[in-house]
Amino acid sequence: MCNKNNIRYSVDCQILKKVTCILVLICSFQLNAQYEWDRYALPKIEDESKKWQLQTAISDDFNYTFDPTKRDMDFGPMGQPPKWNNFFHNNWKGPGPTIWSRNHVAVRNGKLNIWATRRKGETKTFNGNITRPATRSGCITSKKKVKYPVFIEAKVRIMNSTLASDIWLLSPDDTQEIDILEVYGGVGDDQRNSFFAERIHLSHHVFIRPPKFKDYQPGDFNSWYRKNGVTKWGGKTIRIGVYWKNEKTLEYYIDGELVRVLSNNAFKSRNIKGEFEYTYPAKMIKNKLTKEVNGFQKVIKTPNFKIAKKKSKISVIDPYNYLKNGKKLTKAMHIIINVEDQSWQAIANRSPNDKEIKRHQDNNFLIDWIRVYKPVKIIK
């Protein structure tokens with residue numbers, strides 16, 4: 001009991017009150033912070049007329065255990081419908097030298113683990129006549145699909161490897177793709193991947209599938225995001241997200257900061273100085289997008305985004321109208337998380353060599369959580 005006339009007991013009482021208050025605050029925080037990502041505010045997306053509703057059926061904080069298996073397995077948190085399958089969304093084995101293997105996927109220590117290995121003497125032939133050492137790696141596909149408007153963000157540790165650390169969206173017919181994360185984070189022991197290691201690719205694809213395969217993705221210099229002071233992304237933990245706002249708008253966020261926007265016919269991209277550049281595609285020549293001498297897509301700079309959109313006559317979503325649907329990203333898509341040894345990197349001899357790929361920590365992609373939100377109109 002506190003006694004105001006007793007200094008010792010009065011002091012003890014005040015300490016007890018403070019401790020009790022702290023405990024109440026901690027308990028309150030634990031009750032309200034249901035998920036790991038709750039400590040991270042959503043980016044300041046400019047849409048004050050809406051609130052954000054978590055999509056629990058497809059969001060995952062990976063606070064459970066899933067052991068590697070060669071079997072076809074769905075998995076997810078205990079007591080909930082499965083959220084993932086331990087493979088690609090069809091039986092394709094992967095790009096270039098990649099061989100996706102179900103037993104290269106696990107959930108442990110609160111993180112999704114997807115890694116790569118190599119078997120001595122195993123090769124894979126791709127692009128008709130190119131043969132390289134095969135890279136076995138993991139891939140998972142969401143059981144449910146997402147569709148605009150939707151914000152998707154993940155917290156990841158990027159591999160310190162020349163392999164691709166990937167999170168992406170893909171339509172069931174493989175014609176529409178949005179890349180949330182595509183990064184080749186390691187420089188390689190001989191520094192051969194230095195250019196790509198310091199950049200994150202922010203892109204999307206539209207395809208015409210066989211027999212006349214065609215693929216478009218933005219090829220401007222600013223589609224390779226670079227941050228001042230970062231010489232390689234390998235080993236770094238970041239949050240990366242995409243707001244698929246509508247059929248013609250994509251917004252990319254890194255650590256909560258808006259870094260790139262594609263809006264119908266123009267680009268808004270943050271450069272290495274942290275400043276936005278506003279550009280639009282240069283005029284086509286013989287119905288083809290033009291390129292700079294350095295091989296990147298040619299764009300025209302403008303003072304602001306409004307001018308870029310007003311002057312542009314060319315779509316940045318589907319300039320060749322491959323989709324024949326008004327140049328729009330319209331289809332519901334699966335979330336795919338994987339590791340890839342991509343063909344263009346392999347052809348350029350930038351794949352990990354046998355020594356590099358034996359370093360498991362460098363070739364293990366870690367995903368702490370992935371969260372998905374839909375905007376809901378505020379009823380006044």
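1. P211 is located in the loop that connects β15 and β16. In this predicted model, the peptide bond leading from P210 into P211 is cis, and its omega is near 15°. The neighbouring entry in the same loop is K212, since β15 covers 204–208 and β16 covers 214–216.

2. K212 has a relative accessibility of 64% and therefore counts as exposed, the threshold for that class being over 50%. Together with K214, K288 and K324, K212 forms a positive surface patch. Membership of such a patch requires over 30% relative accessible area and no salt bridge.

3. A second cis peptide bond runs from Y148 to P149, with omega near -10°. P149 belongs to the loop between β10 and β11, the latter strand spanning 150–157.

4. Strand β10 itself comprises residues 139–146 and contains S142. The relative accessible area of S142 is 2%, so the residue is buried; the limit for this class is under 20%. A polar atom of the S142 side chain lies 2.6 Å from the backbone oxygen of K144. The separation may be read against the 3.5 Å limit within which a pair of N or O atoms can be a polar contact.

5. Positive phi values outside glycine deserve inspection by residue. K286 has phi near 55° and is not a glycine. The residue is placed in the loop from β22 (276–281) to β23 (299–302). With 78% relative accessibility, K286 counts as exposed.

6. N349, likewise not a glycine, has a positive phi of about 60°. Its place is the loop between two helices, α4 (343–347) and α5 (354–357). A relative accessible area of 52% makes N349 exposed, given the cut-off of over 50%.

7. Finally, R192 and R350 illustrate a pairing of positions remote in sequence: they are 158 residues apart along the chain, while their C-alpha atoms are separated by 6.6 Å. R192 sits in the loop between β13 (176–183) and α2 (194–197). Its relative accessible area of 22% places R192 in the partly exposed class, which lies between the buried limit of under 20% and the exposed limit of over 50%.

How values were computed
Residues numbered from 1 in each chain as written. Predicted model: local features only at pLDDT ≥ 70, side-chain atom pairs only at ≥ 80, totals over all residues. Heavy atoms only, no water. Patch = residues over 30% accessible without salt bridge, like charges linked within 9 Å, V, L, I, M, F, W, Y side chains within 5 Å. Areas by Shrake-Rupley, 256 points an atom, 1.4 Å probe, with all protein chains shown as cover. Salt bridge = Lys/Arg side-chain N within 4 Å of Asp/Glu carboxyl O. Lys, Arg positive; Asp, Glu negative; His and termini not counted. Charge placed at Lys NZ, Arg CZ, Asp CG, Glu CD. Helix = DSSP H or I, 4+ residues; strand = E, 2+ residues; numbered from the N terminus. Buried < 20%, exposed > 50% of the residue type's maximum accessible area, 1.4 Å probe, protein only. Polar contact = N/O pair within 3.5 Å; in protein donor to acceptor, adjacent residues only side chain to side chain.
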